[in-house]
Amino acid sequence: VLEGRAVGVATISLYAGAPLEQSLQLEVTDAAVSALELTARLVTSLAWREQPPATYDYPGDVSAAVLAAQSLEAEGDFGLVFASVRWEDGLVEDVAYNPVDGVHQLELVSRTSNLEVLAPSTPGNGEDFWRVEVAVGAVSECSVSVFANWSVCGSVIASGVVPVLVVLPQPIAASMTAQESRLAPAGSDATLPGIGVPDSTSLRVEVTFQADDGTISTRDFTADSRVTYFAPEPECAIVSGNLLSVVATANCSTARAIATVLLGSTTLTAQTSVPVVRVAESRFRLFGYPNIVENRAVEVFELGLVQCLDSFYTSTTPRFQLFLDDNPSRAFDVTTRSSFESNATQVVQASPLRLRGVAPGASEVTATFGSTKAAVQLPVRDVVLDRIVAVTWNIPGLEAGNTLRGVMNSTQPTTVDLRFESGLVWRNLADTSAGAWSSLEDLVNFSSSDPE
């Protein structure tokens, strides 16, 4: 950058370790010059038309060309304004960059509602240039309604017009989709953890546009202020913003929402519906206890004495499943989120994952999940209903021929499993943490042929 400091003539030379051959004379005068015109252009993109080489060998020539373009085809599209002043002595000076308040600055004014202007380094414009943006609700126009003034020390030196061409596609259709594939009435059992169907869903609205050349484009209008949402059946569902919610007292099979999009003189309508589901069936069944893989296929209908134990009765594992009306074949296991209650605690004691027989008699056990209840009859009989068919003694390190080798006076932990006629399995009888029996010795006797 060269800056005139006083009247006179100066020689400007280039140096590359030593003076180069080329030089020029530069004169600084105190003669006043006037600005002839201000040229301001809105640019939305720049691209090389001819890219300069990466290196330069003096004194070769360098050429480069840049294509500046303006394309405003949608609301929110924007560009930056570049301006220059041509003085009467032929000098052209860029004036749109790096303004200094009160010294020199460019001012833009928009006199059309289709375009908004933002000053440099202000909220919404972090650039050092003026920004022109297509306003919400704009229509196509070839605008001469953006005016530029360049001021120095508070006086306007040059003025001009910023030509802007806004070519917006025409809205032709609107569509609406729901984020959730199904909903349930607020507070219903289908919404509880374990099933977890939501009672509300967000809605998304998209508008399809067609340009003059036939090009189709789509824009998200979900949060646009020109979209109005409503539910045509408020006794079924309501809307708040773009949130569709099913009311607690809903008695409908689908929740509908409608959106109206007002774009200038064009009004578009879109709608969507979401199935409303409920608990249609419950299934309360009892299976083998303890709750291990082998026992989950053994269904239990009554409890009896444990073989070899005169006053100890078997137990069962409850399984509570619910089915929704939109897919009756899909079961939701809500056992761990349900409560169980016996109407005869002196016969059957109920806990979250175990129903335990304590004395002979009749009982009814009720499972409860939210407002859904189901009951089964669970009698306890004073007889052995399921006999032991196999005892398995698991001894780690046992060699062929049932030989156990070890250091004198050492011990070896073992486990004992039982299998019953029904297919029920009790593993590791020594583990009484689940309270399935009293102690290992109550069921199994151990003896050695050579205790010495």
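**Exercise 1. Describe the hairpin that β14 and β15 form in this predicted model.**

Step 1. Look at the connection. Five residues lie between β14 and β15 in this hairpin.

Step 2. Check the turn. Gly214 sits there with a positive phi of about 95°.

Step 3. Check the pairing. β14 and β15 (residues 216-220) run antiparallel and are joined by five bridges. Phe209 stands opposite Ser217 in β15.

**Exercise 2. Find two further strands that pair with β14, and give a residue pair for each.**

Step 1. Take β13 (residues 170-178). Eight bridges connect β13 with β14 (residues 200-210), in the antiparallel sense. Gln170 stands opposite Gln210 in β14.

Step 2. Take β18 (residues 243-246). β18 pairs with β14 over three bridges, also in the antiparallel sense. Here Thr201 stands opposite Leu244.

**Exercise 3. Work out the strand order of the open sheet that contains β11, and name its edge strands.**

Step 1. Write the order. The three strands run β8-β11-β12, with antiparallel pairing.

Step 2. Name the edges. β8 (104-110) and β12 (155-166) each pair on one side only. From one strand to the next, the twist averages 25°.

Step 3. Look at one pairing in detail. Ten bridges join β11 (residues 141-152) to β12. Phe147 stands opposite Val161 in β12.

Step 4. Add a side-chain contact. The charged end of Arg111 sits over the ring of Phe147, 4.6 Å from its centre.

**Exercise 4. Explain why β29 and β31 each have a side without a neighbour in the sheet.**

Step 1. Set out the sheet. It is open, has three strands in the order β29-β30-β31, and pairs antiparallel.

Step 2. Reason from position. β29 (388-394) and β31 (425-426) stand at the edges with a single partner strand each, so one side of each has no neighbour in the sheet.

Step 3. Inspect the partner of β29. Six bridges join β29 to β30 (residues 415-420). Ala390 has Arg419 in β30 as its bridge partner.

**Exercise 5. Classify the ring pair Trp87 and Trp150: stacked, tilted or edge-to-face?**

Step 1. Count the set. The model has six aromatic pairs.

Step 2. Use the geometry. The ring centres of Trp87 and Trp150 are 6.0 Å apart and their planes stand at 75°. Planes over 60 degrees apart count as edge-to-face, so this pair is edge-to-face.

Step 3. Place the residues. Trp87 is in β6 (residues 78-87) and Trp150 is in β11, so the pair ties together parts 63 residues apart in sequence.

Step 4. Test burial. The cut-off for buried is under 20%. Trp87 has 14% relative accessibility, so Trp87 counts as buried. Trp150 has 5%, so Trp150 is buried.

**Exercise 6. Classify the pair Phe284 and Phe340, and find which residue joins them in a cluster.**

Step 1. Use the geometry. The centres are 5.6 Å apart and the planes are at 35°, so the pair is tilted.

Step 2. Place the residues. Phe284 is in β21 (residues 279-288) and Phe340 in β24 (residues 339-342), 56 residues apart. Both are buried.

Step 3. Extend the group. Ring pairs link Phe284 and Phe340 with Phe320 into a cluster.

**Exercise 7. Which elements have the lowest and the highest mean pLDDT?**

Step 1. Start with the chain. Its average pLDDT is 89, and 95% of the residues score at least 70.

Step 2. Compare the elements. β2 (residues 19-28) has the lowest mean, 75, and β18 the highest, 98.

Definitions and conventions. Residues are numbered from 1 along each chain as its sequence is written. This is a predicted model: local features need pLDDT of at least 70, side-chain atom pairs count only at pLDDT 80 or more; totals for chains, interfaces and linings use all residues. Side-chain values use heavy atoms; hydrogens and water are left out. Two strands pair if DSSP finds at least two bridges between them. Helices (H or I, at least four residues) and strands (E, at least two) are DSSP runs, numbered from the N terminus. Axes are lines fitted to C-alpha atoms, for helices over the stretch in contact, and angles run from 0 to 180 degrees between N-to-C directions. pLDDT is the predictor's confidence in each residue, from 0 to 100. Rings of Phe, Tyr and Trp (its six-membered ring) pair if their centres lie within 6.5 Å; planes under 30 degrees apart count as stacked, over 60 as edge-to-face and the rest as tilted. Buried means under 20% relative accessible area, exposed over 50%, partly exposed in between (1.4 Å probe, protein chains only). A charge sits over a ring if NZ of Lys or CZ of Arg is within 6 Å of the ring centre and within 35 degrees of the ring normal.
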